[in-house]
Amino acid sequence: MTFASSVRLFQTLVMSFHSAIVIETGEEERVRTLINKGINELQMAVFEWSVAQGLTRSAGNVQNRWASEYAPPGSQKPQALEETTDPVDALKHIETLQFQAIYWLKDLGPHLQDETVRRQLREVIQQFAHNRSALVITGHSLTLPPEIAQDVVYFDLKLPEPDELYKAVTEVVRSLKGRISIEVKPEEINGLVQAMRGMTLQQARKVIAFAALEDGKLTREDVKRVLQRKVQVLHEEGLLDYIPPEMNPSQLGGFDGLKQWLKRARVGFSAQAKAFNLPAPRGILIVGIQGCGKSLAAKTIAREWQMPLLKLDAGKLYDKFIGESEKNFRRAVTLAETMSPAILWIDEIEKSMGQSTSDADGGLSRRLFGYFLTWLQEKSEDVFVVATANDLSRIPPELLRKGRFDEIFFVDLPDETERAAILQIHLMRRKQDPKRFELAALVQATDGFSGAEIEQVIIVALYCAIHENRPVDTELIIAAVRATVPLSISRREDLHTLRLMAQERFVGVK
Ligand SMILES: Nc1ncnc2c1ncn2[C@@H]1O[C@H](COP(=O)(O)OP(=O)(O)OP(=O)(O)O)[C@@H](O)[C@H]1O
Ligand SMILES: [Mg+2]
C-alpha cells in the first residue's frame, strides 16, 4: 500500500460516517499529513487537542486563509480555545461546535481510565454518527476500554512506504547541501531507501543525517551504516532482532536435502513466478534434536537467499496487560512485512505458542498461536517463516497439519558425511587446517555426537593444546571426545521417542 492509498482509505472512512478513528502510532507528523491530505477535497476544518495545548484549530490544508482568520494578528501560532486542556472540557467543547471537522485527539488513551472522560467521549461519538465529523485518536500504545473499543474503527498506519522515505532522504540531502559532499547518484538513493525500510520517518532522517555528517559525505557505502543503525533501532524496540545478510557468516554442514529444497523454493520469489501468479513460499518448520543446527539453518537460509533475517524475540512478546501481547505480535509481523522480502525466524516456537502445561497464561499462548496461524495463511507479503522446535509434544497439532508450512523437516544426528563436513567447518573456523587431522578417525569417534557437541570437543582440545603449549592434533580431539557424554547417550530415551514421532511424518534434512 502506498501512502496515497492510505489517504484514500482514511477519506472513505470519514465519508462513510466513521465517527471515531483510532490510529496506533507515535508518528504524529505522518498522521498530520494523512489528515490534511485526507480532508483536501472534503472541505473540513481540523482541530487538534493535547493535554498540554488544549483544543486548537489547526491550519489544515488552508494555510493562508487560516493564518488570517484564526491566528492572532502577526502570529503564525494557532491559538488554543480557552479552558480545553482538561479532556472532559475539551470533549464538551467539541460537542458544542457546529463545524464539520476532524478533531484529532493526541494521547487521549491514558485519560480513558477516567469514567467521565469515557462517557463524554461516547456522547461525542454518538453525536458525530449523524454529521460526518470524526474524532481521530492517536497514541503510541493504545489499549481502549471495551465500551469505547466497540465504537471505533482501527486505522492501520503502516510504517513509511518507500515513496515517503525517498522524500525524507532527499529533503535531508537538500538541507545538508553545501555542508557535506553528496556522492550518491539520484538512482542510488533507492539503495538507501531500501535499507531504511522498517524505520519511522523520524528515525530515517536521523540516520541519514548522521551517516552524512559523520564523515562529511554521503556515499553509496552509507547503505552499510544505515543497516547497522537499523539493527540497533530494531533491537531497542525489542520485538525483533535484525541480522542483515552482510552480517551473517553462518556455515552449515550437511542438510543437503534442505539445501536442495531451498534452491527450488527460492524461485517462488522471482519476477517470473510473480508473473505466473504463483504464491511465494510461506515457510518451513524445522523440528529436531538439540544442537543439530536448527537455529544455524535458519541463519543460513537468510544468507543463501540474501534476505534480512528477523528473529522474533518471543520472550518480549509477552506483556502483563491483556491484548498487549497480541498487539506486539501484530507489530512484529507488520514490521517484517515492511522489510520484505525477509525471513521471519521464530526460534523454539513451542515455547511462545505451544501448548502450555498449565492454564497459567490465561490461554494467551493459544490466542497468539491462533493469530499466527491466520497470519501465516493469509499473509500477502514476501515474508518467509522459519520456525524451529525441539519438543514435538508441545506443538499444537494444527500446526503440523499439511498445508500450514510448505514443509516440515526433521533434523537427526549428523551421519558420517555430515560429521566430516561439520568437523572441517569448525576446524577451519578456529584456524586449523583440516588436512593435518585424521578426519576418518574423528568421524568414527564422534558417532552419536550433535553438531554443537562436535564444535565443543574442538574447542576443548584447543584449550588443552594452548595450555600444554603444543599444536592441537587428532589425539587431543579424540581425548576430548572420550571425555564427553553426548545427549544421544544421556537422553537416549527422549531422542528415541522424538525420532519415532518425527521420522515417519516429516522430511529428513539430509
Ligand atoms: N550442521 C552443522 N554445521 C555446522 N555447525 C553446526 C551444525 N550443527 C550444529 N553446529 C554447531 O552447533 C552450534 C549449535 O547449533 P544450533 O544452535 O543451530 O542448534 P539447534 O538445533 O538450534 O539447538 P537447540 O535445540 O539447542 O536450539 C552452532 O552454532 C554450530 O556452531
Ligand atoms: Mg536453536
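How many helices and strands are there in the chain? The chain of this predicted model holds 24 helices and 15 strands, where helices (H or I, at least four residues) and strands (E, at least two) are DSSP runs numbered from the N terminus. Residues are numbered from 1 along each chain as its sequence is written, and chains are lettered from A and ligands numbered from 1 in the order in which they are written. Local features need pLDDT of at least 70 and side-chain atom pairs pLDDT 80 or more, whereas totals for chains, interfaces and linings use all residues; side-chain values use heavy atoms, with hydrogens and water left out.

**The chain as a whole**

The C-alpha trace spans about 90 × 60 × 50 Å along its principal axes. Of the 510 residues, 51% count as buried; buried means under 20% relative accessible area, exposed over 50%, and partly exposed in between (1.4 Å probe, protein chains only). The accessible surface comes to about 25300 Å², of which 52% belongs to carbon and sulfur atoms, by the Shrake-Rupley method with a 1.4 Å probe. Among contacts (heavy atoms within 4.5 Å) with a separation of 6 or more, 78% are between residues 24 or more positions apart.

**Charge**

The chain has 64 positive and 68 negative side chains, and the centres of the two sets lie 4 Å apart. Lys and Arg count as positive and Asp and Glu as negative, while His and the chain ends are not counted; each charge is placed at NZ of Lys, CZ of Arg, CG of Asp or CD of Glu. Glu82, Glu83, Asp86, Asp89, Asp114 and Glu115 form a negative surface patch. Patch residues have over 30% relative accessible area and no salt bridge, with like charges joined within 9 Å; a salt bridge is a side-chain nitrogen of Lys or Arg within 4 Å of a carboxyl oxygen of Asp or Glu.

**Individual residues**

| Residue | Place | Relative accessible area |
|---|---|---|
| Glutamate 82 | loop between α3 (63-70) and α4 (87-96) | 71%, exposed |
| Aspartate 107 | loop between β4 (101-106) and α5 (115-128) | 42%, partly exposed |
| Leucine 258 | helix α11 (residues 256-266) | 1%, buried |
| Asparagine 277 | loop between α12 (271-275) and β10 (283-288) | 70%, exposed |

Leucine 258 touches Ile284, Ile286, Ala297, Phe409 and Val509, not counting residues up to four places away in sequence. Leucine 258 and proline 110 are 148 residues apart in sequence and 50 Å apart in space, C-alpha to C-alpha.

Most residues other than glycine have a negative phi. Aspartate 107, although not a glycine, has a positive phi of about 50°, and asparagine 277, also not a glycine, has a positive phi of about 60°.

How values were computed. Patches are made of residues with over 30% relative accessible area and no salt bridge: like charges are joined within 9 Å, nonpolar side chains (Val, Leu, Ile, Met, Phe, Trp, Tyr) within 5 Å.
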